[in-house]
Amino acid sequence: MTVVNAYAAPSEAAPLERTLIERRPLGPHDVRIDIAYAGICHSDIHTVRGDWGSQYYPLAPGHEIAGTVAEIGEAVTRHAVGDRVGVGCMVNSCGQCRNCLRGEEQFCTEGVVFTYGSPDRDGTVTQGGYSEQVVVTESFVVRIPDALALDVAAPLLCAGITTYSPLRHRKVGPGTRVAVVGLGGLGHMGVQFARALGAEVTVLSQTLGKQDDGLRLGADHYRATSDPATFTELRGSFDVILNTVSAVIDLDAYLALLDAGAAMVCVGAPGEPLEVGVMSLINGNKTLAGSNIGGIRETQEMLDFCAEHGIGAEIEVIPASEINAAYERVLASDVRYRFVIDAATFSG
Ligand code: NAP
Ligand code: ZN
């Protein structure tokens, strides 16, 4: 075992604090990563605060991990010491079920092992990237292209793949009219991807406060959802709506903005249920869908796409001592557009 500095929540009601966690000894297929940066995803907050149900504590979150390989097990072939690498939301799966074989490890029928708070194959509970090091089996470690700085790349491991995957799945391209609801960590990546894929992009945000940023990130249009005219004027005008909102929204109001045959994909994951009137789907043959991160192969494809198109997260780098304050700012929609923790500060 190796003991490393980390930040963890001691319970669901308590702020995160500095602690020590154990990393397993390096197995033959394992990679030890010196973490450089860890992004703060809204899912970290939902999880530690119990929005999604009870958890194991102490809980060190963090599934947007970027760093360099420090050590490799004797059978590792994909990565070498010194490589720039990333780890996202999952760290193991069976590798043999139908979903793993088609590259959707997140739906492993044997149960995927998530990066934190998840029972691992060896009976321990995983601890996430708010720490100095992590040990991960090599097939769940992806390459970070040289063109991407590690701090800018970290959020791509969750916010990036979670928005890239549904846009690709819905075949977004030139001529597709895409709306991105919520301009936070996920939303600001969704806008950049939809733009790079050639779509006509509209941001639907609570206010016009981030309009300049939205347009700079690649949106063609920016509308406030607090303005009732948005919902009358944009009726029937989108092929794909990507909902990244972390809270409950009025799905029927957004479904009315879809053209006939179009789809609204929810990636935002509030703890409470969302209601939908089935007539909102029947009238216009509309689809209400969800999407959960993306597989490992697609995550690598997304990172390569980012390098090729000059896409990255817009970040605010913080020391670990500011994690709890950053959580409050995320909850207040006051994030532009991802907090990234400098892992050198986990020890201090
Ligand atoms: P975030 O940075 O906090 O962004 C969420 C955005 O939603 C905010 O910036 C805000 O945008 C909007 N919003 C927040 N509260 C709202 C409200 N009451 N009404 C309307 N809009 C509101 O969070 P994130 O890290 O992007 O994550 C977003 C959600 O996706 C979270 O629920 C997270 O757990 C989930 N998630 C899901 C997956 C998946 O695989 N499906 C992966 C990662 C994250 P505006 O200020 O522009 O209105
Ligand atoms: Zn996430």
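## A walk across the domain interface

Across the interface of domain 1 and domain 2, 6 residue pairs are in polar contact, both partners at pLDDT 80 or more. Keep in mind as you look around that this is a predicted model.

Stay on that interface for the first selection. The face of domain 1 that touches domain 2 holds 3 nonpolar, 3 polar and 4 charged residues. Now show charged side chains: 2 salt bridges are counted between domain 1 and domain 2. To see a salt bridge up close, select Asp 213 and Arg 336, whose side chains meet at 3.5 Å, N to O.

Next, colour by domain. Select 2–155 + 314–345 for domain 1 and 160–290 for domain 2. Their centres, taken over C-alpha atoms, are 28 Å apart, and the contact draws on 10 residues from domain 1 and 16 residues from domain 2.

Switch on a surface if you like. Between domain 1 and domain 2 about 1100 Å² is buried, with carbon and sulfur atoms giving 48% of that area. Then pick Glu 314, Arg 336 and Tyr 337: these residues supply 48% of the area that domain 1 buries against domain 2, more than any other three residues.

For the last stop, centre on the zinc ion (ligand 2). Its protein donors are Cys 41 (SG), His 63 (NE2) and Cys 158 (SG), at 2.0 to 2.2 Å, and in sequence the donor residues follow the spacing C-x21-H-x94-C. Trace the backbone from both cysteines: Cys 41 sits in the loop between strand E3 (30–39) and helix H1 (42–48), and Cys 158 in the loop between helix H3 (150–153) and helix H4 (159–169), so the pair ties together parts 117 residues apart in sequence.

Key. Residues numbered from 1 in each chain as written. Chains lettered and ligands numbered in written order. Predicted model: local features only at pLDDT ≥ 70, side-chain atom pairs only at ≥ 80, totals over all residues. Heavy atoms only, no water. Domains from an automatic or database assignment. Contact = heavy atoms within 4.5 Å. Buried area = accessible area lost by both parts, 1.4 Å probe. Salt bridge = Lys/Arg side-chain N within 4 Å of Asp/Glu carboxyl O. Polar contact = N/O pair within 3.5 Å; in protein donor to acceptor, adjacent residues only side chain to side chain. Nonpolar A, V, L, I, M, F, W, Y, C, P; charged D, E, K, R; others polar. Donors = N, O, S within 2.8 Å, 3.2 Å for Na, K, Ca; no water. Helix = DSSP H or I, 4+ residues; strand = E, 2+ residues; numbered from the N terminus.
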